[in-house]
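Here are my comments on the model you sent, set out as numbered points so that each can be checked against the coordinates.

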Amino acid sequence: MSKLTNPPFVPADDLSKLWRALIEFDMLQPGDRILIGLSGGKDSMLLTAMLAEIKKYSPIPFDLACYTLNGMFAPNFPKQELVDFCAHYGLEHYSDDIDILATQRSSDVNPCYTCAFFRRGATNRRAKELGFNKVALAHHNDDAVETFFMNVMTTGQLKTFLPVTYLSRMDITVLRPLLYYREYEIRSLVKKLGLKPLKNPCPYDGHTMRQDVKEHIRALNEQYPGIYEHLASAMREQEQQDLWPAKPDPKELAKKFKSFWAQRKQG
């Protein structure tokens, strides 16, 4: 008679894309201590459940815990709910309070940028203080494509966040293990697993440039099927890229102009 075991946090079939990201991008090394950025939303809750399941079978051992920054957008921060959620997976939960709205009121910078800046900084700082060498964030494939599209529109750069980013100043490595999952897949898995995401207390939720871009890409993809996949493909480095050379340094360009016109005198 086989020995009874506890049911998995996440079925094996639903972990294939996570395993692919972990292996393809060399996200795990022996002795890693990984701190998950847990907001309480659907993405970070699913990431927590998945990494907790992966931890049981990974041939590379690693430690895991969760961290939440309470931006103090609303009273009654559900800290105990997050503590209990983490405890279900045998994980420690850490949290800090920072009044982000008060900081935003004293700044002219885009509020979403300010919030993201503080969240990144607080999470990385706490990871360092607690002895974690890696931070896992729950960005998915749609997030990456939307960021790529926004950068093209607002900065003219072909740029998005990377699967693995080493922050030399902090000596922290940021991982994004969910990058192969589409958002609709995450919604389906969250429902399937019975996870209960917390309501986002951010006053700007649903009224951001990212939300506009999300809806724009969706509309374009309905009109021209395949656009989403083409944007996702464009994020990859490719052998065949017909792009202009990098913009020259002004001094180098001035030198080329001087050299070009000097030929007239020589003739």
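The points below deal with the nonpolar cores, then with one helix, and then with a pair of packed helices.

1. Please keep in mind throughout that this is a predicted model, and that the residue numbers used here count from 1 along each chain as its sequence is written.

2. The largest nonpolar core comprises 37 residues, and those with the most contacts inside it are Leu18, Met50 and Leu178. At least two residues of this core come from each of α1 (16-24), β1 (32-37), α2 (42-57), β2 (62-70), α3 (79-88) and α7 (183-193), and α2 gives the most, with eight residues.

3. Which residues does Met50 touch, once those up to four places away in sequence are set aside? They are Val10, Asp14, Leu15, Leu18, Leu178, Tyr181 and Leu189, and Leu18 and Leu178 in this list are also named with Met50 as having the most contacts inside the largest core.

4. A second core, separate from the largest one, has 11 residues, and Leu35, Tyr67, Leu69 and Ile172 are among them.

5. Helix α6 has 14 residues and spans 20 Å from its first C-alpha to its last, which is close to the 20 Å expected at 1.5 Å a residue. Because 11 of those 14 residues are buried, α6 is largely enclosed by the rest of the structure. The buried residues of α6 are Asn141, Asp142, Asp143, Ala144, Val145, Glu146, Thr147, Phe148, Phe149, Met150 and Asn151, and they pack against α7, α8 (209-223) and α9 (227-234).

6. Is Asn151, which lies in helix α6 (residues 141-154), buried or exposed? Asn151 counts as buried because its relative accessible area is 17%, where the cut-off for buried is under 20%. Leaving aside its neighbours within four places in sequence, Asn151 is in contact with Gly156, Gln157, Lys159 and Thr160. Gly156, one of these contacts, sits just after α6 and takes a positive phi of about 70°.

7. The helices α8 and α9 pack at an angle of about 120°, with their axes 8 Å apart, and this angle makes α8 oblique to α9. On the α8 side the residues that meet α9 are Ile217, Leu220 and Asn221, while α9 contributes Ile227, Tyr228, Glu229 and Leu231. Sorted by class, the contact of α8 with α9 has five nonpolar residues, one polar and one charged.

Conventions:
This is a predicted model: local features need pLDDT of at least 70, side-chain atom pairs count only at pLDDT 80 or more; totals for chains, interfaces and linings use all residues. Side-chain values use heavy atoms; hydrogens and water are left out. A nonpolar core is a set of buried Ala, Val, Leu, Ile, Met, Phe, Trp, Tyr and Cys residues joined through side-chain atoms within 4.5 Å. Buried means under 20% relative accessible area, exposed over 50%, partly exposed in between (1.4 Å probe, protein chains only). Helices (H or I, at least four residues) and strands (E, at least two) are DSSP runs, numbered from the N terminus. Contact means heavy atoms within 4.5 Å. The expected span of a helix is 1.5 Å times one less than its number of residues. Axes are lines fitted to C-alpha atoms, for helices over the stretch in contact, and angles run from 0 to 180 degrees between N-to-C directions. Angles under 35 degrees count as roughly parallel, over 145 as roughly antiparallel, 65 to 115 as roughly perpendicular and the rest as oblique. Ala, Val, Leu, Ile, Met, Phe, Trp, Tyr, Cys and Pro count as nonpolar, Asp, Glu, Lys and Arg as charged, and the others, Gly among them, as polar.
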